[in-house]
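Visitor: Could you take me through one part of this protein up close? I'd like to see how the pieces around it fit together.

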Amino acid sequence: MLITPFRPRSASLLAVRALLFAGIAFSQDQSDRPPWAQRQKSGPSANSTSSSSPAGAPGKIVQPTPPPSTDDSQDSAAQRGRIRVDVNLVNVLVSVLDEKNRPAPDLAKEAFQLFEEGVEQKIDRFESETAQPLDLAIMIDSSLSAHKEISFEQEAAAHFIRQVLRPGDRLSVFAFDENVTQLAAFSDNVADLQSAVRRIPAGAGTSIYDAVLLGSRALQRRGNDRRRVIILVTDAGETTSRSDFDAARKEAVRSNALLYTIVIRPVKSESGRNTAGEHALETMTDTTGGAMFYPDTPQELGAIFDRIDRELRTQYLLAYYPSPRGPANTYRSIQVTVTPAGYHVRHRKSYLTGPQ
């Protein structure tokens, strides 16, 4: 892009305008690409991710490249101070269900007890029915083995999109077979998102671990103080991922994403299903604090999406500063209990500590 600079009144003004125009040129040159499809700059990255993840991208999605900072020195200093506080603060989203699996709202802060590695923690922040906006990634298995019921999945997901989005929420649509493809960027444009869901093509192979890993990364690139949710619709028949189970689970934990998994089972008997894949997804889903669903018929998908929507609207947010603080880059177990007894509590089971 050719830019003709204005004639500056001073050398400093020229420098400022040159920087502004350079930023505009960069954004315009790549504005038609999703964040992770932007071409990476040469040279080592200052924000490289875990070496256990595959280099580049499985399929059609590549690792996101964070944009360069444009803050001035004062803003940067303030940002660094704020980040140090946020890194220490651990947020835990909690779903509380009664004996009939209905959300239990209106519980007081005093009803919750939170433990890290068995040590009770002080709850420094509490929100009943949290108002944090949602970032959702809907990821639908488009492999040949799962494509039989794709029309039901598409219509149920399209209904869910219209139902779940509130002001401030953003949603993105992904399809995965041997590749992971983003069909619609994060937005609140219901018509565009529904159109993306309805044009999911049939493919071959099933890259579930790649989908979880890349979906988690996509959410992690979004802003802080937002809830991150992956809704995964699959037959659990993992076949073609470049990532493995441990890499996918670690990325989900690192991003603090809730994973809701809907397993479509074309064959009901265990002899004809990928039960190992189902068990792996159960472990990953439970670790994040999400939920597993096994509809007996495709027509049940609508009710499942409705249940997820109700649960997302009645979640509690608990936050604490760990004491004692664990070593860097280690998993720390979390347990949340509620009194009186009789409620079922679901939350993420661990988090990954950051730098000291």
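**A close look at one sheet and its neighbours**

Guide: Let's start with a pair of residues: serine 333 sits opposite serine 350, which belongs to strand 14. Bear in mind as we go that this is a predicted model. The strands behind that pair are strand 12, residues 331-338, and strand 14; they run antiparallel and share three bridges. Helix 6 (residues 245-255) packs on this sheet, where it touches strand 12 and strand 14. The direction of helix 6 makes about 90° with that of strand 14.

Zoom out a little, and the pair turns out to belong to an open sheet of four strands, ordered 3-2-12-14 with antiparallel pairing. Its edges are strand 3 (119-121) and strand 14 (350-352), each of which pairs on one side only. On average, neighbouring strands here are turned by 35° against each other, ignoring direction.

There's another open sheet to look at, this one with six strands in the order 7-6-5-8-9-10 and mixed pairing. Strand 7 (180-187) and strand 10 (291-293) are the edges. In this sheet the average turn between neighbouring strands is 15°, direction ignored. Over at the strand 7 edge, strand 6 (residues 170-176) runs antiparallel to strand 7, and five bridges join them. Phenylalanine 174 has glutamine 182 of strand 7 as its bridge partner.

Helices pack on this sheet too. Helix 7, residues 275-288, lies across strand 8 (227-234), strand 9 (257-263) and strand 10, at about 150° to strand 9. Helix 8 touches strand 5 (134-141), strand 8, strand 9 and strand 10, and its direction makes about 165° with that of strand 9.

Helix 8 also has a helix partner. The axes of helix 3 (residues 150-164) and helix 8 (residues 301-312) come within 9 Å and cross at roughly 25°. Angles under 35 degrees count as roughly parallel, so helix 3 is roughly parallel to helix 8. Their crossing is right-handed. Among the residues making the contact are Phe152, Ala156 and Phe160 of helix 3, along with Leu301, Phe305 and Ile308 of helix 8. Sorted by class, this contact has nine nonpolar, three polar and three charged residues.

Finally, a word on confidence. Mean pLDDT for the protein is 80, with 72% of residues at 70 or more. Residues 1-60 have pLDDT below 50, though the model gives this stretch 62 contacts beyond near neighbours in sequence. Residues 62-85 also stay under 50, with 23 contacts beyond four places in sequence. Where pLDDT is low, the predicted coordinates shouldn't be read in detail.

Key
Residues are numbered from 1 along each chain as its sequence is written. This is a predicted model: local features need pLDDT of at least 70, side-chain atom pairs count only at pLDDT 80 or more; totals for chains, interfaces and linings use all residues. Side-chain values use heavy atoms; hydrogens and water are left out. Two strands pair if DSSP finds at least two bridges between them. Helices (H or I, at least four residues) and strands (E, at least two) are DSSP runs, numbered from the N terminus. Axes are lines fitted to C-alpha atoms, for helices over the stretch in contact, and angles run from 0 to 180 degrees between N-to-C directions. Contact means heavy atoms within 4.5 Å. pLDDT is the predictor's confidence in each residue, from 0 to 100. Angles under 35 degrees count as roughly parallel, over 145 as roughly antiparallel, 65 to 115 as roughly perpendicular and the rest as oblique. A crossing is left-handed if the near helix is turned anticlockwise from the far one by less than a right angle, and right-handed if clockwise. Ala, Val, Leu, Ile, Met, Phe, Trp, Tyr, Cys and Pro count as nonpolar, Asp, Glu, Lys and Arg as charged, and the others, Gly among them, as polar.
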